[in-house]
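Subject: Structure handover and notes

Dear colleague,

I am passing the structure below to you, together with my notes on what was found in it. Please read the notes with the structure open beside them.

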Amino acid sequence: MPDKVVTNILDRLPLPHAMRTSVLSRKWRFKWTMLSQLVFYDSYFWNLRKDENRLRVISRLLLHLRGPITKFVLYIDDGLNVEDLNHWTMFLSRKGIKDLTIGKRNKPLVKLPTHLFTCLELKHLKLSNWCIQLPTTFHGFPNLLSLELLQVNFESGKFEEFITLCPVLEILKMSDLRSKVKPDDFAKLANLKTLSLTTTPFSDIDEPITITSSNAIFELLGFLPKLQELQLSFPRCKFTEGGSKKRFPDAFPCLKSLILYDVDVDSVIMVSCVFELIRHLPNLQTLVILACDQKKNCSPEVDYNTMGPLQLRSVMFNCLKGSENELRLIKYLLACSPFLKKIEIYFQNSIKRHEQSMFATKLLKIQRAYPEVDISLY
């Protein structure tokens with residue numbers, strides 16, 4: 001087989017299995033050195049008893065590989081020296097690395113190896129549990145298409161500089177960012193198509209986040225004209241009165257998928273704010289709402305009369321408890337979505353079977369804009 005075919009086969013195997021192909025025959029003894037992707041799985045790599053063994057495995061693998069290395073995935077713990085990681089990233093930068101994941105399992109955060117910023121061919125980068133200090137010689141990742149940041153801290157004011165130096169970025173996912181971020185920091189991400197973030201970057205880490213329809217999240221959308229998919233998580237949000245009465249300045253016609261986590265469906269303010277967002281997404285096709293686990297039973301009815309027809313094709317609710325406001329919300333979606341094909345509803349584990357049946361009976365009586373919409377309850 002041609003070398004490219006062999007490399008393709010090896011790259012699709014778990015790393016230890018790819019290396020074991022050396023016992024197949026004499027011709028296959030060193031075929032594993034053609035690997036172009038290194039993914040260190042827990043079940044193999046982290047079962048090595050000594051940290052020295054882990055270091056030796058990585059170093060020997062890198063030195064034996066004879067072709068380009070396009071993908072490298074590694075999660076380290078306190079037993080691995082960050083300086084060794086610095087040497088590895090320097091080596092990878094010379095091997096044309098394009099997909100790089102480097103995570104740190106344990107706190108506290110430590111400084112990210114600076115040689116990572118020399119990997120200019122990177123297209124996909126994922127970092128977790130690092131403190132990022134940009135070197136003065138860093139001029140950006142000109143080819144970076146996707147970026148994932150989990151529990152990462154930037155030195156003061158450097159997040160905007162870093163993002164600005166990723167001009168072709170299309171996918172950005174952030175969770176528990178330990179730095180202050182302003183909506184206008186995203187102003188130069190004109191090519192961004194997918195955005196996933198928690199709201200913690202827009203507020204002090206230890207304080208609840210105050211959100212209105214004109215606040216940070218919604219202002220952010222104005223900077224992203226090509227955004228197609230938006231995922232928002234509100235783990236500790238506090239919504240304020242009056243915010244939901246305001247209006248967005250513009251519509252966002254490119255956005256087709258909206259995923260919202262930790263939404264209190266029984267909160268008039270929160271649901272009104274969510275629908276204020278939906279109202280300005282004329283081409284929205286997929287809506288996913290994961291409700292938070294609230295103990296209260298019901299609140300005053302949310303007014304959906306200001307909403308017009310929707311273009312939704314698929315809707316999913318998770319962690320519902322069968323409240324009247326949840327029923328009204330679904331009723332509205334069924335009545336105003338003539339193209340809706342499917343609704344999936346997942347109840348909280350605490351909801352009893354007869355309560356689910358009562359909710360289902362009420363759903364059957366609701367008028368639907370598209371009579372053949374498929375409603376599934378779980």
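In helix 10, the residues Gln-356, Phe-359 and Leu-363 are buried. Seen down the axis of helix 10, its buried residues fall within an arc of 60 degrees, so they line one face of the helix. An α-helix has 3.6 residues a turn, so residues three or four places apart point the same way. The length of helix 10 can be checked as well: its 12 residues (353-364) should span 16 Å at 1.5 Å a residue, and the end C-alpha atoms lie 17 Å apart, which agrees. Please keep in mind throughout that this is a predicted model.

Helix 10 also takes part in a salt bridge, in which the side chains of Glu-324 and Lys-362 meet at 3.1 Å, N to O. This pair links distant parts of the chain, since Glu-324 belongs to helix 9 (residues 324-336) and Lys-362 to helix 10, 38 residues apart. Glu-324 has a relative accessible area of 34% and is therefore partly exposed, and Lys-362, with 37%, is partly exposed too.

The count for the structure comes to six salt bridges, and two others among them deserve a description here. Glu-148 and Lys-126 meet through their side chains in a salt bridge of 3.9 Å, N to O, a value to be read against the cut-off of 4 Å. Here again distant parts of the chain are linked, with Glu-148 in strand 6 and Lys-126 in strand 5, 22 residues apart. Glu-148 counts as partly exposed at 30% relative accessibility, and Lys-126 is partly exposed with a relative accessible area of 30%.

The side chains of Lys-158 and Glu-161 form a salt bridge of 3.1 Å, N to O, and both residues lie in helix 6 (residues 158-164), three residues apart, which is about one turn of the helix. Lys-158 counts as partly exposed at 25% relative accessibility, as does Glu-161 at 33%.

Strands 5 and 6 call for a second look at the backbone. Most residues other than glycine have a negative phi. Asn-129, however, has a positive phi of about 60 degrees although it is not a glycine; Asn-129 is found in strand 5 (residues 124-132) and, at 8% relative accessibility, counts as buried. Gln-151 likewise has a positive phi, of about 50 degrees, without being a glycine; Gln-151 lies in strand 6 (residues 146-154) and counts as buried at 18% relative accessibility.

What does a search of the whole structure for disulfides find? The search finds zero disulfides. Of the cysteines, I can report that Cys-131 is buried, because its relative accessible area of 16% is under 20%, and that Cys-336 is buried with a relative accessible area of 18%.

Finally, there is a nonpolar patch on the surface, formed by Met-1, Val-5, Ile-9 and Leu-13, with about 340 Å² of accessible area together. One of these residues, Leu-13, is found in the loop between helix 1 (3-11) and helix 2 (15-20), and at 34% relative accessibility Leu-13 counts as partly exposed.

With best regards

Note on methods:
Residues are numbered from 1 along each chain as its sequence is written. This is a predicted model: local features need pLDDT of at least 70, side-chain atom pairs count only at pLDDT 80 or more; totals for chains, interfaces and linings use all residues. Side-chain values use heavy atoms; hydrogens and water are left out. A disulfide is a pair of cysteine sulfur atoms within 2.5 Å. Buried means under 20% relative accessible area, exposed over 50%, partly exposed in between (1.4 Å probe, protein chains only). Patches are made of residues with over 30% relative accessible area and no salt bridge: like charges are joined within 9 Å, nonpolar side chains (Val, Leu, Ile, Met, Phe, Trp, Tyr) within 5 Å. Accessible areas come from the Shrake-Rupley method with a 1.4 Å probe; for residues, only the protein chains shown count as cover. Helices (H or I, at least four residues) and strands (E, at least two) are DSSP runs, numbered from the N terminus. The expected span of a helix is 1.5 Å times one less than its number of residues. The arc is that of the directions from the helix axis to the C-beta atoms.
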